[in-house]
Amino acid sequence: MNIIIATYKEYDIKNLNNLKIIFPDFNFYIIKEKDKLNLAYIKNINPKYIFFPHWSYYIPKEIYENYECIVFHLGDLPFGRGGSPLQNLIIRGIYKSKISALKVCEVLDGGDIYLKHDISFKYFSAQKIYEKISKIIFSKLIPQILTLDIKPYKQKGKVVVFKRRKPNQSNVKTINNINIRKIYDFIRMLDAKDYPKAFLEYKNIKIYFKNAKLKNNIIQAKVEIYEK
């Protein structure tokens, strides 16, 4: 059986290598570049499934209509469709949710659900949480889909759509009703590779925060200061 994994994240690739050991009879192919996600390339492989553990690019309609495409999304869908799910959950004070495995369709994060898995994220940086999510996807969700005859079901409940965050929203001054816990959450939820870090500005100076730790209502964090 041929399986495609579409991802460009290093931690996904590491976890895929472990998956190959568990399922030696499956042929796994990886797509890292969005240009390779085209119908001609997919036809040559003829996969049973195409999994999208972390994929921010457009998925062409001719692919998800002809092949079983499964995307993984942080959120107890239909609550939390849309962009920046981790950040939108944490900023609302939500520290427990689900990782949803769902069928790709024309509605963003609106496809039928294969299964969900619990996850908590009250502490640690966004980077560590993303790595935790990846581990669950590759050690729990994908193996179940590959070995069990799971029939996806329609999403039920009130649809809540999150907006993708913009870089200017990483300013600490945007925190409402600010307190120590909210500052800690704000710094850590933005602390991931290639993500706009939490910052403050003073005149021509910009201060970035990362590696936040909270103990006894005191935050310790690494600070980087730049001149604009």
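In this predicted model, Asn177 is exposed, with a relative accessible area of 66%. Asn177 sits in the loop that runs between β8 (160-162) and α6 (180-189), and its phi is near 50°, a positive value in a residue other than glycine. Asp194 can be described in similar terms: its phi is positive, at about 65°, although Asp194 is not a glycine, and its place is in the loop between α6 and β9 (198-202). With 71% relative accessibility, Asp194 counts as exposed, because the cut-off for that class is over 50% relative accessible area.

The stretch around these two residues also carries a database annotation. The UniProt entry, which is unreviewed, assigns "domain: Methionyl-tRNA formyltransferase-like C-terminal" to residues 167-225. Across residues 167-225 the chain is 17% helix and 41% strand, and the C-alpha atoms at the two ends of this stretch are 17 Å apart.

Towards the start of the chain, Ile3 is found in strand β1, which spans residues 2-7. Is Ile3 buried or exposed? Ile3 is buried, with a relative accessible area of 0%, and so falls in the class defined by a value under 20%. If the neighbours within four places in sequence are left aside, the residues in contact with Ile3 include Phe26, Asn27, Phe28 and Tyr29, and further along the chain Pro47, Lys48, Tyr49 and Phe51, together with Leu146. Lys156, by contrast, is 153 residues from Ile3 along the chain, and the C-alpha atoms of these two residues are separated by 29 Å.

Helix α1, made up of residues 10-22, contains Asn18. Asn18 is partly exposed, its relative accessible area being 40%, because this value lies between the 20% and 50% limits. Although Asn18 and Phe138 are 120 residues apart in sequence, their C-alpha atoms are 8.3 Å apart in space.

The four residues whose accessibility has been described are set out below.

| Residue | Location | Relative accessible area |
|---|---|---|
| Ile3 | strand β1 | 0%, buried |
| Asn18 | helix α1 | 40%, partly exposed |
| Asn177 | loop between β8 and α6 | 66%, exposed |
| Asp194 | loop between α6 and β9 | 71%, exposed |

A further backbone feature concerns Pro78, which has its place in the loop between β4 (68-74) and β5 (79-82). The peptide bond that joins Leu77 and Pro78 is cis, with omega at about 15°.

Turning to the protein chain as a whole, its secondary structure consists of 6 helices and 11 strands. The radius of gyration is 19 Å, close to the 17 Å that the globule rule gives for 228 residues, so the chain is as compact as a globular protein of that length. Taken along the principal axes, the C-alpha atoms fill a box of roughly 55 × 40 × 30 Å. Among contacts between residues at least 6 apart in sequence, 62% join residues at least 24 apart.

Buried residues make up 45% of the 228 residues in the protein chain. The accessible surface comes to about 13100 Å², and carbon and sulfur atoms account for 51% of this area. As for charge, the chain has 41 positive and 21 negative side chains, and the centres of these two sets lie 7 Å apart.

Key: Residues numbered from 1 in each chain as written. Predicted model: local features only at pLDDT ≥ 70, side-chain atom pairs only at ≥ 80, totals over all residues. Heavy atoms only, no water. Helix = DSSP H or I, 4+ residues; strand = E, 2+ residues; numbered from the N terminus. Rg over C-alpha atoms; globule rule 2.2 N^0.38 Å. Buried < 20%, exposed > 50% of the residue type's maximum accessible area, 1.4 Å probe, protein only. Contact = heavy atoms within 4.5 Å. Areas by Shrake-Rupley, 256 points an atom, 1.4 Å probe, with all protein chains shown as cover. Lys, Arg positive; Asp, Glu negative; His and termini not counted. Charge placed at Lys NZ, Arg CZ, Asp CG, Glu CD. UniProt positions renumbered as here; feature names shortened; annotations may be inferred.
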